[in-house]
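Work through the exercises below with the structure open beside you, and try each task before reading its solution.

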Amino acid sequence: MSKALSGSILVPLMTPFADRVATRQARICVVGLGYVGLPLAVEFADAGFSVVGIDVDQGKVAELREGRSYVPDVPVERIRALISPEPAAGRLFGTCAFDALGEADAVSICVPTPLNKEKSPDVSYILAAAGEVASRLHRGQVVVLESTTYPGTTRELLLPLFERTGLRVGEDFHLAFSPERVDPGNASYGIRNTPKVLGGVTAGCLEAASALYATVIERLVPVSSTGTAEMVKLLENTFRAVNIGLVNEVAIMCDRLGLDVWEVIDAASTKPYGFMTFYPGPGLGGHCIPVDPHYLSWKLKLLNYNARFIELAGEVNASMPEYVVEKITLALNEDRKPVRGSRVLLLGVAYKRDVNDVRESPALDVYKLLADRGAELAYHDPWVPELRVEGIEADSVPFAAEELGAFDCVVIVTDHGVVDYAAVAAHARLVVDCRNATRGLAGGARIVRL
Ligand SMILES: NC(=O)c1ccc[n+]([C@@H]2O[C@H](COP(=O)([O-])OP(=O)(O)OC[C@H]3O[C@@H](n4cnc5c(N)ncnc54)[C@H](O)[C@@H]3O)[C@@H](O)[C@H]2O)c1
């Protein structure tokens with residue numbers, strides 16, 4: 001940060017933007033109020049800023065205006081304490097209109113970055129949001145992209161769009177990229193205490209974005225460019241995808257070798273250095289880990305490079321739902337039962353424990369594969385009362401321990417914390433446990449682990 005001498009002491013040399021941030025006069029817009037944008041908007045409002053949250057989803061904006069929270073990590077009390085009928089200091093205002101961008105000192109873009117059918121990046125949401133910003137871009141404005149995307153997006157897509165207005169980056173406006181690391185359902189790490197990586201198009205861009213984010217984040221990690229910041233996020237998520245792919249393959253290997261993969265991992269985890277624990281499961285889920293590495297491999301393909309680890313991990317991870325269904329089929333076979341007509345209860349359909357998000361959840365694949373084979377399916381998920389996705393139309397059935405025996409097979413797909421696994425081990429007939437949730441539990445059930 002720049003410093004200037006004033007008398008005998010050093011004081012920060014305030015740019016108008018930094019000054020407005022320090023005095024909380026800066027007006028902030030967060031574009032996209034999902035799992036990433038809503039917590040960020042709440043944090044900025046809590047820090048004393050006037051925050052306008054903009055989302056094209058009228059349902060979300062209506063919920064917000066009525067003081068409800070649709071993101072489990074944001075308690076409804078926080079929303080109620082901050083939500084406001086109009087923009088005001090220290091308050092959060094939700095809207096579908098983009099007009100407030102014209103008044104905003106800073107804009108954070110937190111829109112989705114899914115894959116399209118060919119598994120290539122769908123940056124249409126970024127372009128749509130950035131288009132709204134570009135049409136209202138003005139001198140002094142600071143724009144930060146938070147959506148996970150391939151290295152080069154900020155410079156190659158956003159910068160030309162913004163400079164087409166005639167304004168110059170680093171002089172008239174500032175542009176930065178800062179990947180979001182939020183881990184839904186993580187009680188220990190939230191926005192404030194998770195270090196945040198930031199890269200600016202220019203040094204001034206980095207400085208301006210840092211001034212803003214330092215108000216809500218304890219530790220910023222500045223990097224030399226937006227491309228580096230984009231790549232950091234993809235390294236983190238590719239690291240997870242590849243290691244999960246490895247441990248999933250180790251589970252398959254242990255099965256062939258007649259070994260218990262969970263015991264192997266537990267013992268390996270005692271190594272105090274050089275080993276990091278990952279667990280196998282029914283496949284990857286969520287908006288990030290199954291998707292983000294493909295942004296990187298797509299970009300590398302354009303540069304004539306085949307990102308082999310990413311492709312291989314993707315292949316192994318994507319095959320896990322079939323592997324689980326094969327386990328279920330073999331386990332039922334032991335009981336002289338075909339899949340067709342067997343009553344199967346799936347426990348947990350969210351993509352990971354204690355969240356309500358079913359995007360890319362491997363449980364959906366397990367559900368559809370079993371349905372295709374003629375199983376009579378039911379599911380229980382305390383976080384997901386109904387499933388209306390990918391051709392599935394079902395409601396969560398109540399968890400009743402004494403009725404578990406009525407199912408031919410209970411499959412633990414996602415190990416939510418509140419489910420009574422002792423009751424599952426005690427009352428079910430057959431359990432296929434993809435998460436080792438029944439570890440150490442004895443009961444009447446025959447338990448088959450991944
Ligand atoms: N969910 C996570 O755990 C997580 C973690 C880290 C990073 N990310 C990344 O953050 C980004 C956002 O993810 P998310 O999980 O919050 O997605 P989300 O789908 O929960 O939220 C995105 C929101 O943006 C809105 N939106 C779409 N187009 C818009 C537009 N043009 N203008 C305004 N609003 C628009 C959608 O209606 C939606 O409410 C993605 O790039 C994702 O990869 C997500």
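**Exercise 1.** In which loop is the place of Asp 354?

*Solution.* In this predicted model, begin with the two elements that flank the residue: Asp 354 lies in the loop between β11 (343–347) and α12 (362–372). Next, look at the backbone, where the phi of Asp 354 is positive, near 60 degrees, although the residue is not glycine. For comparison, most residues other than glycine have a negative phi. Finally, count the surroundings: a residue with 20 or more other C-beta atoms within 10 Å is buried and one with 12 or fewer is exposed, so Asp 354, with 18, is partly exposed.

**Exercise 2.** Decide whether Asn 304 is buried or exposed.

*Solution.* First find Asn 304 in the loop between α10 (292–302) and α11 (308–334), and note that its phi is positive, at about 60 degrees. Then apply the cut-off of 12 or fewer: Asn 304 has 6 other C-beta atoms within 10 Å, and therefore it is exposed.

**Exercise 3.** Describe the shell around the ligand, beginning with the number of residues that surround it.

*Solution.* The ligand is surrounded by 26 residues, and the closest are Gly 32, Gly 34, Tyr 35, Val 36 and Ser 147. Sorted by class, the shell holds 15 nonpolar, seven polar and four charged residues. Helix α5 (residues 124–134) gives the most to this shell, with three residues.

**Exercise 4.** Explain why the protein chain can be called as compact as a globular protein of its length.

*Solution.* The chain has 13 helices and 17 strands. Its radius of gyration is 24 Å, close to the 22 Å that the globule rule gives for 450 residues, so the chain is as compact as a globular protein of that length.

Note on methods. Residues numbered from 1 in each chain as written. Predicted model: local features only at pLDDT ≥ 70, side-chain atom pairs only at ≥ 80, totals over all residues. Helix = DSSP H or I, 4+ residues; strand = E, 2+ residues; numbered from the N terminus. Near = placed C-beta within 6 Å. Nonpolar A, V, L, I, M, F, W, Y, C, P; charged D, E, K, R; others polar. Rg over C-alpha atoms; globule rule 2.2 N^0.38 Å.
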